[in-house]
Amino acid sequence: MAMMACWVVGTNLRFWQMLKKRRKPLPVEGCRYRVFLVEEGLASPCLFGLWRPAVYLTPAALASQASLGHVLAHEETHARHLDPLWSLLRCLCLVVYWFDPLAWWAAALSRQDCELACDEGAIRALGEGERIPYGRTLVGMIAAGRTPLLQTATTMSGGKRRVKER
């Protein structure tokens, strides 16, 4: 458990240091959270932080006003659902039950449910007419591959099957 706890802390501290080093403040009207631009090293936009969550954007998120609105709605929904806290709780469960494959499977399913609920909440906030444009933005922003389960950031990631489902 101690080794797993060190791994979780180390993973998140490295990610935090990378964000802190490469971020630039970005003034965005209408967003309740601090917004930063990270030009390199960030696979997709994310929300990171427990006490003072902030939105971290990639240059692709600023491609158009519509995509920026979609990404901000997505990340604000993560914050409204307290997803950074749920990510931390998922990590704590994995620290305690590191030896149980069912715990890892449950954590992966929990993360997937978190993203699906976030998409639903974002579409509800944006309006039903934005469903298709939001989906296109999501596909354009999604990072190929996987984000480690031990990271508490709410990155947009997943494989082809997950993106199709979303």
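A nonpolar core is a set of buried Ala, Val, Leu, Ile, Met, Phe, Trp, Tyr and Cys residues joined through side-chain atoms within 4.5 Å. Buried means under 20% relative accessible area (1.4 Å probe, protein chains only).

This is a predicted model, in which local features need pLDDT of at least 70, side-chain atom pairs count only at pLDDT 80 or more, and totals for chains, interfaces and linings use all residues. Residues are numbered from 1 along each chain as its sequence is written, and side-chain values use heavy atoms, without hydrogens and water.

**Exercise 1.** Work out the order of helices and strands in the protein chain.

*Solution.* Start with the DSSP runs, numbered from the N terminus: helices are H or I with at least four residues, strands E with at least two. The protein chain has six helices and four strands. Placed along the sequence, they read α-β-β-β-β-α-α-α-α-α.

**Exercise 2.** Find the residues of the largest nonpolar core and the element that gives the most to it.

*Solution.* First, list the 12 members: C31, Y33, V35, L47, V55, L57, A61, L68, V71, L72, A79 and M141. Next, look at the elements: β4 (54-57) and α2 (65-80) each supply at least two of these residues. The most comes from α2, with four residues. Then check A79, which touches Y33 and L47 (heavy atoms within 4.5 Å), leaving aside residues up to four places away in sequence. Finally, a second, separate core has 11 residues, including V38, A54, Y56 and A153.

**Exercise 3.** Give the buried share of the protein chain.

*Solution.* Of its 166 residues, 45% are buried.

Definitions and conventions. Buried means under 20% relative accessible area, exposed over 50%, partly exposed in between (1.4 Å probe, protein chains only).
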